Amino acid sequence: MSRKTATSPRRASGRFPKISAVTPLPGSRVESAQGWIEAIVMPREEPEAAWQPSVQRDRSLIHKTACELSKQFRDSVMNFLQAQQLMGAVRWISEPGSVPMVTLYCTPRVLEQLQRSPLFDAGRTAGLEMYT
């Protein structure tokens, strides 16, 4: 009777070996080291008069109007990036939602240009540290 010999010892812990070719999560140190950052861009607001409660309206109309404003804002950010020839330094840009805000993965140079523009308020998001 022949015995089967093991070519490599089995791991008893059940853990898998680390793989170095895994795509890092956004905000991790590996991605930051490569020069890509996550930035948030919002429209620059001028100081306004005191807040006044609005007249009650249909919520679906309010949501529809907010979504249209968000789409217009995203289009203005895209137009700015294209006019400044910065699209090559942008990896990803978020889709419009119900708030005029855009999240994008870009190089620090793009963030600097957005911050210099009088149309936008832009900043970097907080880093996400992963502990295992």
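This dialogue walks through the sheet, the helices and the salt bridges of a predicted model.

Trainee: Where should I begin, and how many helices and strands does the chain have?

Mentor: Begin with the elements in sequence order: the chain has three helices and four strands, and from one end of the sequence to the other they follow the pattern α-β-α-β-β-α-β.

Trainee: How do I read the sheet, and in what order do the strands lie?

Mentor: The general idea is that strands of a sheet pair through backbone hydrogen bonds, either parallel or antiparallel. Here the four strands form an open sheet in the order β2-β3-β1-β4, with antiparallel pairing. The edge strands, each pairing on one side only, are β2 (90-93) and β4 (120-124), and the twist from one strand to the next averages 25 degrees.

Trainee: How many bridges join β2 and β3?

Mentor: Strand β2 pairs with β3 (residues 102-106) in the antiparallel sense over three bridges, and you can find one such position by looking at I93, whose bridge partner in β3 is L104.

Trainee: Which helix packs on the sheet?

Mentor: Helix α3 (residues 108-116) does so, touching β1 (37-43), β2, β3 and β4, and its direction makes about 150 degrees with that of β4.

Trainee: How should I read salt bridges, and what does the count come to?

Mentor: Side chains of opposite charge can pair when their charged atoms come close. In this model the count comes to three salt bridges. One of them joins R44 and D121, whose closest N and O atoms are 3.2 Å apart. R44 lies in the loop between β1 and α2 (59-83) while D121 lies in strand β4, so the pair ties together parts that are 77 residues apart in sequence. R44 is partly exposed, with a relative accessible area of 34%, and D121 also counts as partly exposed, at 39%.

Trainee: Where do D75 and K71 lie?

Mentor: Both residues lie in helix α2, four residues apart, which is about one turn of the helix, and their side chains meet in a salt bridge (3.2 Å, N to O). D75 is partly exposed at 31% relative accessible area, and K71 is partly exposed at 46%.

Trainee: In the pair of E95 and R74, is E95 buried or exposed, and is R74 buried or exposed?

Mentor: The side chains of E95 and R74 meet in a salt bridge (3.8 Å, N to O), linking distant parts of the chain, with E95 in the loop between β2 and β3 and R74 in helix α2, 21 residues apart. E95 counts as exposed at 60% relative accessibility, whereas R74 counts as buried at 13%.

Definitions and conventions:
Residues are numbered from 1 along each chain as its sequence is written. This is a predicted model: local features need pLDDT of at least 70, side-chain atom pairs count only at pLDDT 80 or more; totals for chains, interfaces and linings use all residues. Side-chain values use heavy atoms; hydrogens and water are left out. Helices (H or I, at least four residues) and strands (E, at least two) are DSSP runs, numbered from the N terminus. Two strands pair if DSSP finds at least two bridges between them. Axes are lines fitted to C-alpha atoms, for helices over the stretch in contact, and angles run from 0 to 180 degrees between N-to-C directions. Contact means heavy atoms within 4.5 Å. A salt bridge is a side-chain nitrogen of Lys or Arg within 4 Å of a carboxyl oxygen of Asp or Glu. Buried means under 20% relative accessible area, exposed over 50%, partly exposed in between (1.4 Å probe, protein chains only).
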